[in-house]
Amino acid sequence: MHRMTESLGFLLSDVSRLMRRRFDERARSSGASVTQWRVLKILERKPGLNQGQIAELLEVEPITSCRMIDRLEEANFVERRRDPADRRAWRIHLTDNAQPVLEELHEIAGEMIEGALEGLSQAERDALIAALNVIRSNLIQTPENKPENKGAANG
């Protein structure tokens with residue numbers, strides 16, 4: 001079991017790193033900044049986040065997030081709107097100009113993922129996604145909110 005623990009962590013990390021690298025290579029060749037695309041993708045999923053929340057999701061310092069948002073605002077891909085609950089805060093929203101960039105992002109990501117999954121049957125792909133969802137769920141749950149009785153999985 002010890003060997004699986006070490007190899008699983010390494011394998012997941014390595015696959016994640018390689019997927020980011022392949023995506024970055026393809027995104028760069030299209031002329032867009034990968035970090036800008038990451039911000040756009042985050043805002044597509046969660047519109048109206050503030051700069052601090054974006055920085056946290058990107059795992060960067062708030063000043064770095066602010067600079068990224070400044071560049072995206074200059075390119076007219078995002079706009080800052082006052083937070084109705086806090087007049088000192090700004091919420092970041094996508095503009096209509098971001099849509100073509102996001103469509104290109106989806107296309108590049110789809111091609112990259114399809115290449116990564118080449119050779120896996122649909123059943124294997126479904127099983128992989130299901131297993132990764134279970135792993136993510138297990139890692140998200142804290143010991144306090146985990147169900148006490150998970151069956152034979154505790155052995």
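**A leucine patch, a hairpin and some salt bridges**

In this predicted model, L8, L12, L120, L128 and L132 come together in a nonpolar patch on the surface, covering about 350 Å². Two elements each give two or more residues to the nonpolar patch, namely α1 (2–29) and α6 (122–140). One of the patch leucines, L128, sits in helix α6. With a relative accessibility of 36%, L128 falls in the partly exposed class, and that clears the patch cut-off of over 30%.

Stepping back to the overall layout, the protein is built from 6 helices and 2 strands. Read from the N terminus, the order of elements is α-α-α-α-β-β-α-α. The protein has 155 residues, and 23% of them are buried. Its accessible surface adds up to about 11,200 Å², with carbon and sulfur atoms accounting for 54% of that. As for how the chain folds back on itself, take the contacts between residues at least 6 apart in sequence: 43% of these join residues at least 24 apart.

The two strands make a hairpin, with 2 residues between β1 and β2. Strand β1 covers residues 78–83 and strand β2 covers residues 86–94; they run antiparallel and are joined by 6 bridges. Within this pairing, R82 faces W90 of β2.

Charged side chains pair up too, and the count of salt bridges comes to 9. One of them ties R80 to D70, at 2.8 Å from N to O. This pair links distant parts of the chain, since R80 belongs to strand β1 and D70 to helix α4 (residues 62–74), 10 residues apart. The two partners differ in how covered they are: R80 has a relative accessible area of 18% and is therefore buried, whereas D70, at 29%, is partly exposed.

Another salt bridge brings E79 and R81 together, their closest N and O atoms lying 2.7 Å apart. Here E79 is partly exposed at 32% relative accessibility, and R81 is partly exposed at 38%. Sharing of partners also occurs: salt bridges join D70, E73 and R80 into one network.

A further example is found in helix α1, where E25 and R22 lie 3 residues apart, about one turn of the helix. Their side chains meet in a salt bridge of 3.0 Å, N to O. E25 has a relative accessible area of 38%, so this residue is partly exposed, and R22 is partly exposed as well, at 36%.

Notes. Residues are numbered from 1 along each chain as its sequence is written. This is a predicted model: local features need pLDDT of at least 70, side-chain atom pairs count only at pLDDT 80 or more; totals for chains, interfaces and linings use all residues. Side-chain values use heavy atoms; hydrogens and water are left out. Patches are made of residues with over 30% relative accessible area and no salt bridge: like charges are joined within 9 Å, nonpolar side chains (Val, Leu, Ile, Met, Phe, Trp, Tyr) within 5 Å. Accessible areas come from the Shrake-Rupley method with a 1.4 Å probe; for residues, only the protein chains shown count as cover. A salt bridge is a side-chain nitrogen of Lys or Arg within 4 Å of a carboxyl oxygen of Asp or Glu. Helices (H or I, at least four residues) and strands (E, at least two) are DSSP runs, numbered from the N terminus. Buried means under 20% relative accessible area, exposed over 50%, partly exposed in between (1.4 Å probe, protein chains only). Two strands pair if DSSP finds at least two bridges between them. Contact means heavy atoms within 4.5 Å.
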